[in-house]
Amino acid sequence: MLQLKVIATADVPAVLALQAQCYGPDFLESAEAFQAKLDAARHLHCSYLAVDGDEPLAYVVSLPVDDGELPALDAPTVAPARAPRTLYLHDLAVSPAGRAQRLGHKLVRQVVQRAQDMGLARIALIAVQGSQGYWERQGFAVSDVDAGSAMAHKVASFGSGATLMHRALSPV
């Protein structure tokens, strides 16, 4: 039976295994980096793992961030947001079995609902590995980034073709 649960520290090995199925080597993050993101959003319930019985099928990691403060790929530490207006969707990974169940769409819907429940104005993400079209179908649009800015450097750190995207939220 399919279940969405909040990611806990004990789930990090399953998250790492899913990550390895879905991403190229340049995008693999350490257990320390995942734990830092979970710790920055502790008790806010922003990251979810989809499981069928004991089989992990997909996950999404997100956390509230202050304007312009997106965590770097594989960042070993992440400071909790002080006055967040944005939920940063850092990572979505779906196994082949999970894709057949449209778990990516379900997890994105869960994150959108959580961001609205928190009263946040938008969701932001950095699209990688040619995923911009997927995110556009989920309601995201490309964000303008000033060349040479700190944000442009952060986006570039995710590799060539990385694109900052956002989705404005309606108040509930």
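Biologist: Which residues of H2 are buried?

Modeller: Buried means under 20% relative accessible area, exposed over 50%, and partly exposed in between, with a 1.4 Å probe and protein chains only. Helices (H or I, at least four residues) and strands (E, at least two) are DSSP runs numbered from the N terminus. In H2, the buried residues are Ala33, Phe34, Gln35, Ala36, Lys37, Leu38 and Ala40. That is 7 of the 10 residues, so H2 is largely enclosed by the rest of the structure. Its buried residues pack against H1, E3 and E4, where contact means heavy atoms within 4.5 Å.

Biologist: What do these values rest on?

Modeller: This is a predicted model, in which local features need pLDDT of at least 70 and side-chain atom pairs count only at pLDDT 80 or more, while totals for chains, interfaces and linings use all residues. Residues are numbered from 1 along each chain as its sequence is written, and side-chain values use heavy atoms, with hydrogens and water left out.

Biologist: In which order do the strands of the open sheet lie?

Modeller: Strands of a sheet pair through backbone hydrogen bonds, either parallel or antiparallel. Two strands count as paired if DSSP finds at least two bridges between them. Here the open sheet has 7 strands in the order E1-E2-E3-E4-E5-E7-E6, and the pairing is mixed. The edge strands, each pairing on one side only, are E1 (2–6) and E6.

Biologist: How many bridges join E2 to E3?

Modeller: E2 (residues 48–52) and E3 run antiparallel and are joined by 5 bridges. Leucine 49 stands opposite tyrosine 59 in E3. The hairpin of E2 and E3 has 2 residues between the strands, and glycine 53 takes a positive phi near 65° there. E3 also pairs with E4 (residues 86–94), again in the antiparallel sense, over 8 bridges. Valine 60 has leucine 92 in E4 as its bridge partner.

Biologist: How many residues of E3 are buried?

Modeller: E3 spans residues 55–65, and 9 of its 11 residues are buried, so the strand is largely enclosed by the rest of the structure. Serine 62 sits in E3 and counts as buried at 1% relative accessibility. Leucine 63 is in E3 too, buried at 0%.

Biologist: What does the side chain of serine 62 lie 2.4 Å from?

Modeller: A polar contact is a pair of N or O atoms within 3.5 Å; within protein, one must be able to donate a hydrogen and the other to accept it, and residues adjacent in sequence count only if both atoms are side-chain atoms. A polar atom of the serine 62 side chain lies 2.4 Å from the backbone oxygen of cysteine 46. Leaving aside neighbours within four places in sequence, serine 62 is in contact with residues including Ala41, Cys46, Leu89 and Val111. Under the same exclusion, the contacts of leucine 63 include Lys37, Ala40, Pro71 and Val78.

Biologist: Where does glutamine 138 lie?

Modeller: Glutamine 138 is in the loop between H5 (132–137) and E6 (141–142). Glutamine 138 is buried, with a relative accessible area of 11%. Its side chain makes a polar contact with the side chain of histidine 105 at 3.1 Å. Not counting residues up to four places away in sequence, glutamine 138 touches His105, Val108 and Arg167.

Biologist: Which residues line the largest cavity?

Modeller: Rolling a probe the size of a water molecule over the atoms shows where empty space is left. On a 1 Å grid over the protein atoms alone, a cavity is a set of points where a 1.4 Å probe fits but cannot get out, a pocket is an open set with protein on both sides within 12 Å along at least five of seven lines, and lining residues have an atom within 4 Å of a point. Points are joined across faces, edges and corners, and a volume is the space filled by probe spheres set on them. The whole structure has 1 cavity of 30 Å³ or more, and the largest holds about 30 Å³. Ile7, Val12, Val15, Phe34, Leu38 and Val61 line it. H1 (12–22) and H2 (31–40) each supply at least two of these residues.

Biologist: How much space lies in the largest pocket?

Modeller: The largest pocket holds about 570 Å³. Of its 26 lining residues, Tyr23, Leu92, Ala93, Ser131 and Trp135 are the closest to its centre. E4 gives the largest share of the lining, 6 residues. By class, the lining has 16 nonpolar, 6 polar and 4 charged residues, where Ala, Val, Leu, Ile, Met, Phe, Trp, Tyr, Cys and Pro count as nonpolar, Asp, Glu, Lys and Arg as charged, and the others, Gly among them, as polar.
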